[in-house]
Amino acid sequence: RQLLRGGVPLMALDRSMQRSASMGLLLGLLLVAVAWFSSARSTPTVGASITGFARSPCTMRSTAVFAEPRKIRQVLEGRVISDKMDKSRTVRVERLVRHPKYHKRMRLSKNYIVHDPLEQTEEGDLVRIGARSPVSKRKTFEVVDVVRKAIK
């Protein structure tokens with residue numbers, strides 16, 4: 001056996017060092033084998049390549065044969081505050097957070113530019129919005145449904 005450890009052949013080492021070097025090598029091989037077996041899948045998933053690693057989302061969409069409908073990752077609820085843009089709305093989403101020192105609940109809000117291709121919402125409507133692939137630089141959400149129409 002002429003295995004090298006740090007550039008020195010094992011024959012040049014004494015018995016105890018040979019044993020520890022061999023055990024370290026065997027332990028390393030065992031860990032690699034366990035990691036390889038645990039990552040191997042028995043049934044390949046949609047969009048998985050031959051090696052078992054998942055493809056990037058852009059290639060998964062184009063090559064998947066039995067693709068499931070796209071799930072909306074993040075869903076928020078807010079009020080439409082502006083409908084002056086074409087096929088876009090500004091939606092204000094409010095949330096309550098607790099102040100870390102004074103423990104008073106504060107109302108924080110954030111404005112989202114939302115894609116509304118059917119232009120079904122008006123100012124004052126309560127809408128549910130969901131994350132989607134970007135339509136433009138700031139438009140990464142779309143109107144999922146109208147919860148409550150504004151009273152005129």
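Which backbone oxygen does the side chain of arginine 89 reach? In this predicted model, it is that of methionine 85, and the distance comes out at 3.3 Å. Arginine 89 sits in strand β4, which spans residues 88-98. With a relative accessibility of just 4%, arginine 89 counts as buried, because the cut-off for that label is under 20%.

The arginine 89 side chain has another polar partner to look at. A contact of 3.1 Å links it to the side chain of threonine 121. Threonine 121 also turns up among the residues that arginine 89 touches once those up to four places away in sequence are set aside. The rest of that set is made up of Val80, Ser82, Asp83, Tyr112, Ile113, Val114, Asp116 and Glu119.

Now for the strands around this residue. β4 runs antiparallel to β3, and three bridges hold the pairing together on paper. Within it, serine 82 stands opposite threonine 90 of β4; serine 82 is also one of the residues in contact with arginine 89. The two strands make a hairpin, with five residues between β3 and β4. In that turn, lysine 87 has a positive phi of about 60°.

β3, covering residues 75-82, has a further antiparallel partner in β6, residues 126-131, and that pairing counts five bridges. There, glutamate 77 has arginine 128 in β6 as its bridge partner. β3 is thus paired with β4 and with β6.

Terms used
Residues numbered from 1 in each chain as written. Predicted model: local features only at pLDDT ≥ 70, side-chain atom pairs only at ≥ 80, totals over all residues. Heavy atoms only, no water. Helix = DSSP H or I, 4+ residues; strand = E, 2+ residues; numbered from the N terminus. Buried < 20%, exposed > 50% of the residue type's maximum accessible area, 1.4 Å probe, protein only. Polar contact = N/O pair within 3.5 Å; in protein donor to acceptor, adjacent residues only side chain to side chain. Contact = heavy atoms within 4.5 Å. Pairing = 2+ DSSP bridges.
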